[in-house]
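Reader: Could you walk me through this model, beginning with the ligand site?
Author: Happy to; here it is.

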Amino acid sequence: MKLIISGTDRPGSNSKKVSFIIQKIYATLGEKVEIIDLADLKIIETMQKSRYGESVPTVIQKTLDLINQSEGLIIVCPEYNGSMPGVLKWFIDHFKYPDAFEYRPICFIGLGGMFGGLRAVEHLQQVFGYRNSFIFPDRIFLINIFRNMKEGELTDLVALDLLNKQSAGFQKFCRALQSEKMDAKSLLDLRRPN
Ligand SMILES: Cc1cc2nc3c(=O)[nH]c(=O)nc-3n(C[C@H](O)[C@H](O)[C@H](O)COP(=O)(O)O)c2cc1C
């Protein structure tokens, strides 16, 4: 299964609303996709206790295991002060290396003001590129998101069309990698002892 990571724990988050929209798009494409909402992981409370792998709480560990088993990750990332939110980086820093990163298909949706989260997405590309993930080239930048959402729906129809195209494209991208067993999940399954 593919996973959508909603990249912040801010109450009332637009990233979460966009994540739901993307989940619905995948449903129309015949695919069930699960959302990981960082707000559910209680990251701020956990930070004080975590020792990078020694004492990760069960709820976070279960989510990290899901990531290792995922077909691909769709990361919805808001821009906070010219980058990704700190909670998202903390979460990524708990991914298992190389299992979670290497050859894992990843796709990005940024949101923010006039640049639509461009800087946050480019920082994520550096992180996942450095860790050898397969980055889907079509990125989406949702500009002025605070003006372009109404009752949980995107009012910018051009952006909605781009999200539809990106989702269909990412589906094909993942399938193409799977067909040659080049994706992270296939490689992990091959490595796992019978
Ligand atoms: C702490 C914080 C910092 C922000 N910094 C930026 C920024 O540097 N650039 C930008 O375009 N928007 C910035 N914004 C606007 C957000 O990208 C926008 O409000 C978006 O809805 C945030 O995503 P969220 O609703 O999922 O939290 C910031 C918002 C917050 C809360």
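Reader: Which residue offers a polar backbone atom 2.9 Å from an oxygen atom of the ligand?
Author: This is a predicted model, where local features need pLDDT of at least 70, side-chain atom pairs count only at pLDDT 80 or more, and totals for chains, interfaces and linings use all residues. Residues are numbered from 1 along each chain as its sequence is written, and side-chain values use heavy atoms, with hydrogens and water left out. A polar contact is a pair of N or O atoms within 3.5 Å. At 2.9 Å from a ligand oxygen, the backbone partner belongs to Gly-82.

Reader: And which side chain has an N or O atom 2.5 Å from a ligand oxygen?
Author: Backbone first: a polar backbone atom of Gly-113 is 2.8 Å from an oxygen atom of the ligand. The side-chain N or O atom at 2.5 Å is that of Tyr-80.

Reader: How much of the ligand does the protein bury?
Author: Accessible areas come from the Shrake-Rupley method with a 1.4 Å probe. Taken alone, the ligand exposes 600 Å². Of that area, the protein buries 74%.

Reader: How many residues surround the ligand?
Author: A residue counts as near if one of its heavy atoms lies within 4 Å of the ligand. The closest are Arg-10, Ser-13, Asn-14, Ser-15 and Tyr-80. The full number around the ligand is 15.

Reader: How are helices α1 and α6 oriented to each other?
Author: Helices are DSSP runs (H or I, at least four residues), numbered from the N terminus. The axes of α1 (residues 14-28) and α6 (residues 157-179) come within 10 Å and cross at roughly 55°. Angles under 35 degrees count as roughly parallel, over 145 as roughly antiparallel, 65 to 115 as roughly perpendicular and the rest as oblique. The two helices, α1 and α6, are therefore oblique.

Reader: Where is the cis peptide bond?
Author: Most peptide bonds are trans. Pro-98 lies in the loop between α4 (86-92) and β4 (105-111). With omega about 5°, the cis bond joins Tyr-97 and Pro-98.

Conventions. Polar contact = N/O pair within 3.5 Å; in protein donor to acceptor, adjacent residues only side chain to side chain. Axes fitted to C-alpha atoms, helices over the stretch in contact; angles between N-to-C directions.
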